[in-house]
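Here's a quick tour of a protein model, written for someone just getting started. Have a look at the picture first, then work through the points below.

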Amino acid sequence: MASSVSHCLVGAPPPTFLTPSICPFHETFDAKAFGTRLVALPKTTPKSSSLQTRATLDDKGRISTSPSVLVPEEKQPSKEVEDCVRVLKNAAKTRKIPSEDILYAFSVIEKAKVDPSSFLETLGGTNSPGRTWMLIFTAEKKLNRGKYFPITAVQRFDAAGKRIENGVYLGPFGNLTFEGRFSWKKRILAFIFERIRIKVGPLNPFEISFKGKDETEPSNKDPFFIWFYIDEEIAVARGRSGGTAFWVRCQRID
């Protein structure tokens, strides 16, 4: 890829000659999520006041309706974010959602600042070798343009081992994978690739290690992703150079 997202290619619908294990949806994927009719998204984000009146119980069990300041609950995405997530899930399944709708969904999700406290575990699981995700759509900086990713690219994140693997798969022609380590801070995942594996046709793969890499923790001087949304089915992030993309959970490719 031309941007930082390209540092972690993770791709499009698997060609028909790929094995069934490269299904773009995890076997626990909830298909009902796609049965919901698309909701027309508003073009502006509704404003809300932080000072509202709500019914509460005092320490004696009596109901009080005095004004109280409501702290935004980041763990509960807004209705607009939920609608945008549905748009992306439909795009992952059908690849027929217009690019402008996906770009708008990216914008809404990014501005929502969803609580990232569960992101890493959801992205990389609790045990090695972690979880795998297939790249579906990439957008240019400032969300001016975007397109469905044209080849099969899958990324694996191992939260337990802090390892990352990025692969491009061409069916019987072979594949190309990069492996390395990552660090996580709040919602930022920085990474360094340490080795590359190349497989051509039926031949056994061979590996090349990168020289000159030390054991310092990856930082924002290295390639990184800023994650805006992650659930059990899709993930949305922006790369170092400003490009935004989304992935769908998939089965591991061996």
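A residue counts as buried when its relative accessible area is under 20%, as exposed when that area is over 50%, and as partly exposed in between. Alanine 139 has a relative accessible area of 8%, so it lands in the buried group. Keep in mind that this is a predicted model.

**The whole chain**
- The protein chain holds three helices and 14 strands.
- Of its 254 residues, 46% are buried.
- Take the contacts in the chain with a separation of 6 or more: 61% of them link residues that sit 24 or more positions apart.

**Helix 1**
- Helix 1 runs over residues 79-94, which makes 16 residues.
- From first C-alpha to last, helix 1 reaches 23 Å, close to the 22 Å expected at 1.5 Å a residue.
- Its buried residues include Val81, Cys84, Val85, Leu88 and Ala91, but also Glu80, Asp83 and Lys89.
- Those buried residues pack against helix 2, and against strands 5, 6, 12, 13 and 14 as well.
- Right after helix 1 comes arginine 95, with a positive phi near 55°.

**Helix 2**
- Helix 2 has 14 residues and reaches 20 Å from its first C-alpha to its last, close to the 20 Å expected.
- Among its buried residues you'll find Ile102, Leu103, Tyr104, Ala105 and Phe106.
- The buried residues of helix 2 pack against helix 1 and against strands 5, 6, 12, 13 and 14.
- Lysine 113 follows helix 2, and its phi is positive too, near 55°.

**How the two helices meet**
- Helix 1 and helix 2 pack with their axes 9 Å apart, at an angle of about 140°.
- Angles over 145 degrees count as roughly antiparallel and 65 to 115 as roughly perpendicular, so these two helices are oblique to each other.
- Helix 1 passes helix 2 in a left-handed crossing.
- On the helix 1 side, the residues that meet helix 2 include Val81, Cys84, Val85, Leu88 and Ala91.
- Facing them from helix 2 are residues including Ile102, Ala105, Phe106, Val108 and Ile109.
- An α-helix has 3.6 residues a turn, so residues three or four places apart point the same way.

**Two residues to compare**
- Alanine 139 sits in strand 5, which covers residues 131-139.
- Leaving out residues up to four places away in sequence, alanine 139 touches Leu103, Phe106, Arg145, Gly146, Gly243 and Thr244.
- The C-alpha atoms of alanine 139 and phenylalanine 246 are separated by 9.1 Å, although these residues are 107 residues apart along the chain.
- Arginine 238 belongs to strand 13.
- Is arginine 238 buried or partly exposed? With 22% relative accessibility, arginine 238 is partly exposed, because buried means under 20%.
- Not counting residues up to four places away in sequence, arginine 238 touches Glu110, Phe224, Phe225, Ile226, Phe228, Gly243 and Thr244.
- Arginine 238 and threonine 138 are 100 residues apart along the chain, with 9.4 Å between their C-alpha atoms.

**Cysteines**
- A disulfide is a covalent bond between the sulfur atoms of two cysteines.
- How many disulfides does a search of the whole structure find? The search finds zero.
- Cysteine 84 is buried, at 0% relative accessibility.
- Cysteine 250 is buried as well, with a relative accessible area of 1%.

Key:
Residues are numbered from 1 along each chain as its sequence is written. This is a predicted model: local features need pLDDT of at least 70, side-chain atom pairs count only at pLDDT 80 or more; totals for chains, interfaces and linings use all residues. Side-chain values use heavy atoms; hydrogens and water are left out. A disulfide is a pair of cysteine sulfur atoms within 2.5 Å. Buried means under 20% relative accessible area, exposed over 50%, partly exposed in between (1.4 Å probe, protein chains only). Helices (H or I, at least four residues) and strands (E, at least two) are DSSP runs, numbered from the N terminus. Contact means heavy atoms within 4.5 Å. The expected span of a helix is 1.5 Å times one less than its number of residues. Axes are lines fitted to C-alpha atoms, for helices over the stretch in contact, and angles run from 0 to 180 degrees between N-to-C directions. Angles under 35 degrees count as roughly parallel, over 145 as roughly antiparallel, 65 to 115 as roughly perpendicular and the rest as oblique. A crossing is left-handed if the near helix is turned anticlockwise from the far one by less than a right angle, and right-handed if clockwise.
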